[in-house]
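Q: Please select one part of this model and examine it closely. I should like to understand how that part relates to the rest of the chain.

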Amino acid sequence: MRIEDIIKVKIKERKITQALLAEKTGFANQANIGSLLNSKSSMRVENALKLLDALDCELIIRDKQNG
């Protein structure tokens with residue numbers, strides 16, 4: 001699953017609009033959020049972190065467990 005897909009799920013779970021998300025993250029408008037989420041290219045980590053923070057989520061990176 002791509003980060004964009006995870007963010008889309010969280011938007012639905014939180015029942016937040018793309019317009020409100022744009023306002024909370026400092027993006028110009030809803031269209032910017034839509035472009036980020038629907039782009040064929042990967043989202044920049046910085047933008048993903050902004051969106052996740054606005055959705056009250058965090059990204060956790062950890063070492064893989066062996067065996």
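A: Helices (H or I, at least four residues) and strands (E, at least two) are DSSP runs, numbered from the N terminus. By that rule the elements of this chain run α-α-α-α from the N terminus on, which gives four helices and zero strands. The model is predicted, and local features need pLDDT of at least 70, side-chain atom pairs count only at pLDDT 80 or more, and totals for chains, interfaces and linings use all residues. Residues are numbered from 1 along each chain as its sequence is written, and side-chain values use heavy atoms, with hydrogens and water left out.

The part chosen here is α4, which covers residues 45–54. Its setting comes first. The C-alpha trace of the chain spans about 45 × 25 × 20 Å along its principal axes. Of the 67 residues, 30% count as buried (under 20% relative accessible area, with exposed over 50% and partly exposed in between, for a 1.4 Å probe and protein chains only). Among contacts (heavy atoms within 4.5 Å) with a separation of 6 or more, 58% join residues 24 or more positions apart.

Which residues of α4 are buried? They are Asn47, Ala48, Leu51, Leu52 and Ala54. Seen down the axis of α4, these residues fall within an arc of 165°, so they line one face of the helix; the arc is that of the directions from the helix axis to the C-beta atoms. The face turned away from this buried side carries Val45 and Asp53, which are exposed. The buried residues of α4 pack against α1, α2 and α3.

The interior of the chain is the next topic. The largest nonpolar core (buried Ala, Val, Leu, Ile, Met, Phe, Trp, Tyr and Cys residues joined through side-chain atoms within 4.5 Å) has 16 residues, and those with the most contacts inside it are Ile7, Leu21 and Leu51. α1 (3–14), α2 (18–25), α3 (30–38) and α4 (45–54) each supply at least two of its residues. The largest share, four residues, comes from α4. Leu51 of α4 deserves separate mention: beyond its neighbours within four places in sequence, it is in contact with Ile7, Leu21, Thr25, Phe27, Ile33, Leu36, Leu37 and Met43. In general, nonpolar side chains tend to be buried together in soluble globular proteins.

How do α2 and α4 meet? Their axes come within 9 Å and cross at roughly 110°; axes are lines fitted to C-alpha atoms, for helices over the stretch in contact, and angles run from 0 to 180 degrees between N-to-C directions. That angle makes α2 roughly perpendicular to α4 (65 to 115 degrees, whereas under 35 is roughly parallel, over 145 roughly antiparallel and the rest oblique). Leu21, Lys24 and Thr25 in α2 meet Lys50, Leu51 and Ala54 in α4.

The other partner in this contact can be described in a similar way. The buried residues of α2 are Leu21, Ala22 and Thr25. They cover an arc of only 105° around the axis, which puts them on the same side of α2. What covers these buried residues includes α1, α3 and α4.

The remaining two helices, against which α4 also packs, are in contact with one another. The axes of α1 and α3 come within 8 Å and cross at roughly 130°. That makes α1 oblique to α3. Here Glu4, Ile7, Lys8 and Ile11 in α1 meet Leu36, Leu37 and Asn38 in α3. Of these residues, Ile7, Leu36 and Leu37 are among the contacts of leucine 51.

Finally, the backbone beyond the end of α4 should be considered. Just after α4, aspartate 56 takes a positive phi of about 65°, although aspartate 56 is not a glycine. As a general rule, most residues other than glycine have a negative phi. At 69% relative accessibility, aspartate 56 counts as exposed. Lysine 15 also has a positive phi, near 55°. Lysine 15 belongs to the loop between α1 and α2 and is exposed, with a relative accessible area of 76%. α2 is followed by glycine 26, whose phi is positive, near 90°. Glycine 26 is found in the loop between α2 and α3 and, at 67% relative accessibility, counts as exposed.
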